[in-house]
Amino acid sequence: MSVGLVVATLLCTASALWLSSRVYEQREAEQRRQDILTAARRSALNFTSLDHRRYDRDSANVLKGATGDFKKEFAAQTEELTELVARNKSVSEGQVLDAGIVRSDERSARVLVVADSKVTNTAAPHGEARTYRLQLDLVHEGGRWLTSAVEFVG
């Protein structure tokens with residue numbers, strides 16, 4: 001076997017290994033991106049879909065996808081919100097229209113979400129349309145993407 005053939009074989013093998021590692025990294029990054037968007041959409045939908053008849057379950061869904069300061073703040077307001085939602089017979093049916101990642105890495109992400117909601121309550125018994133623009137900060141904890149902050153923007 002000639003030296004040239006050995007060198008060519010080694011170069012082809014090295015190139016194939018490098019290309020396969022790049023493909024793996026790209027697939028991993030795309031999966032992370034999809035996981036972030038799925039978590040942000042779910043969090044925004046839970047946050048904009050609350051019903052006085054099942055508020056305990058709805059608020060628990062928000063808390064399941066939350067962490068950090070956002071979880072603490074939402075949990076601290078749950079009792080007051082439960083009373084307010086029940087008194088006003090509030091129903092909010094959310095729908096996520098779009099979501100996009102502003103920035104992300106392996107541990108954190110910022111996502112902008114646009115959501116609509118039809119809100120009915122004692123003041124608006126026939127319903128009122130609302131549009132929300134939310135900025136969600138997410139962190140990767142325990143193998144899951146969790147919302148650590150929610151801010152209304154624009």
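What volume does the second largest pocket have? The second largest pocket has a volume of about 230 Å³, and the views below introduce this pocket and the largest one.

This is a predicted model, in which local features need pLDDT of at least 70 and side-chain atom pairs count only at pLDDT 80 or more, while totals for chains, interfaces and linings use all residues. Residues are numbered from 1 along each chain as its sequence is written, and side-chain values use heavy atoms, leaving out hydrogens and water.

**View 1. The largest pocket and its centre.** Here the volume is about 520 Å³ (the space filled by probe spheres set on grid points joined across faces, edges and corners). A pocket is an open set of points on a 1 Å grid over the protein atoms alone, where a 1.4 Å probe fits, with protein on both sides within 12 Å along at least five of seven lines; lining residues have an atom within 4 Å of a point. Among the 20 lining residues, Phe47, Leu50, Tyr55, Leu81 and Val85 lie nearest the centre.

**View 2. Elements around the largest pocket.** At least two lining residues come from each of α1 (3–48), α3 (68–88), β2 (91–104), β4 (128–141) and β5 (144–152). The largest share, seven residues, belongs to α3. Helices (H or I, at least four residues) and strands (E, at least two) are DSSP runs, numbered from the N terminus.

**View 3. The second largest pocket.** Of its 15 lining residues, Ala39, Arg42, Gly65, Arg144 and Trp145 are closest to the centre. With six residues, α1 gives the largest share of this lining; α1, α2 (55–64) and β5 each supply at least two.
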